[in-house]
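Take a moment to load the model and colour it by secondary structure. Then let us walk through its interior together, one region at a time.

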Amino acid sequence: MTELDRYALRRLVREAGQTLARAGVASPDVDARLLAEHLLGGPVLLADGAPEGFPTAYTELVQRRAAREPLQHILGVMWFRGLELACRPGVFIVRPETEVVAGAAIEAARTVAVEEERGPVVVDLCAGSGAIAAAVAVEVPGARVWAVEADTTAVALARENCEHLAPGRVEIIRGDVTDPAVLAELDGRVDVVVSNPPYVPAGEVEDVETAGYDPDLALYGGGADGLRLPLAVVERAAALLRPGAVLVMEHDPGQGAALRAAALGAGFTEAVTGQDLAGRDRYLRAVTELASRA
């Protein structure tokens, strides 16, 4: 026998949404529903009611979310380009704007696959949870993907996510993305480098959940302008990429001009800034010089 009938269950979920709205959660009704479905194991709208103990367990989850613990940490999952990935505390939670960045890299890889009729070689620098690497492997089935990440917790999660979503398709390497010895065997052979490096300028994290739960190592790019690591990624990408290849790198909206200049200075012949779905400058797309034809 259920403790709540379907009408009481839906009323409880509506009230939870109101609680989360008062707490300042950006998507209160959606979060309230997802928390309920996490416990129910299925859609609220299809549930005839809720089992005994549901109200207490649900209230505890709602209180955690109202205290601004990330929804992804509570559920243990996060979503990226239609993929469901495991999420763990201590690893950066992938953001919707990064889906656009991954999309630009996937488009570049697909172009190689179609025009050159071969599997593109793709390297993901600062791989974090493995979200971008997994998306590339899933959406470009012939791609050969390497992903580099320094943090041990993130490396373990990236391996878990990539093996689950694209078994045997992504090689995860623990290493410093600025070290020329890391993937040196691929220098001059890579078709696409994609990166979502730490780039936040010092002291500019405003979102309470980001500041409270995402690791500093995954946020701050170094220096007052946050550009130390992004600039290093540009240099490393220039060495990895073959002639006519593409770098796609996420950045802060205020860093576009500096990174375009850095790319041109590093030997790229084309450097443009792409926008996210909100119209903000969000990523660098740079192309290496084509090999000369003697």
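Start at valine 145 in this predicted model. If we set aside its neighbours within four places in sequence, valine 145 is in contact with Val122, Ala133, Val136, Ala137, Arg169, Val170 and Glu171. Two of these partners, Val122 and Val170, turn up again when we look at the largest nonpolar core: of its 40 residues, Phe80, Val122, Val145, Val170 and Val248 touch the most other members. The element that gives the most to this core is helix α5 (residues 97-116), with eight residues. There is also a second, separate core of 29 residues, and Leu229, Ala237, Leu240 and Ala286 are among its members. In soluble globular proteins, nonpolar side chains tend to be buried together.

Now follow the contacts of valine 145 to Ala133, Val136 and Ala137. These three are among the buried residues of helix α6, along with Ala131, Ile132, Ala134, Ala135 and Glu139. Helix α6 covers residues 131-139, and eight of its nine residues are buried, so the helix is mostly covered.

Just ahead of that helix, have a look at serine 129, which sits in the loop between β5 (121-125) and α6. Is serine 129 buried or exposed? Its relative accessible area is 4%, and because buried means under 20%, serine 129 counts as buried. Which residues does serine 129 contact, leaving aside its neighbours within four places in sequence? They are Met78, Val91, Phe92, Leu157, Ala158 and Asn161.

Helix α5 deserves a second visit, this time for the second largest pocket. That pocket has a volume of about 210 Å³. It is lined by 14 residues, and Ala108, Thr111, Val112, Gly244 and Val246 are the closest to its centre. Two or more lining residues come from each of α5, β9 (241-250) and β11 (281-288), with α5 providing the largest share, seven residues. By character, the lining divides into six nonpolar, two polar and six charged residues.

Finally, step back to the annotated spans. UniProt, in an unreviewed entry, places "domain: Release factor glutamine methyltransferase N-terminal" at residues 12-76. In the model, that span is 65% helix and 3% strand, and its end C-alpha atoms lie 23 Å apart. The unreviewed entry also lists "domain: Methyltransferase small" at residues 116-204. Here the span is 27% helix and 25% strand, with the end C-alpha atoms 43 Å apart.

Note on methods:
Residues numbered from 1 in each chain as written. Predicted model: local features only at pLDDT ≥ 70, side-chain atom pairs only at ≥ 80, totals over all residues. Heavy atoms only, no water. Core = buried A, V, L, I, M, F, W, Y, C linked by side-chain atoms within 4.5 Å. Buried < 20%, exposed > 50% of the residue type's maximum accessible area, 1.4 Å probe, protein only. Helix = DSSP H or I, 4+ residues; strand = E, 2+ residues; numbered from the N terminus. Contact = heavy atoms within 4.5 Å. UniProt positions renumbered as here; feature names shortened; annotations may be inferred. 1 Å grid on protein atoms, 1.4 Å probe; cavity = no way out; pocket = protein on both sides within 12 Å on 5 of 7 lines; lining within 4 Å. Points joined across faces, edges and corners; volume = space filled by probe spheres on them. Nonpolar A, V, L, I, M, F, W, Y, C, P; charged D, E, K, R; others polar.
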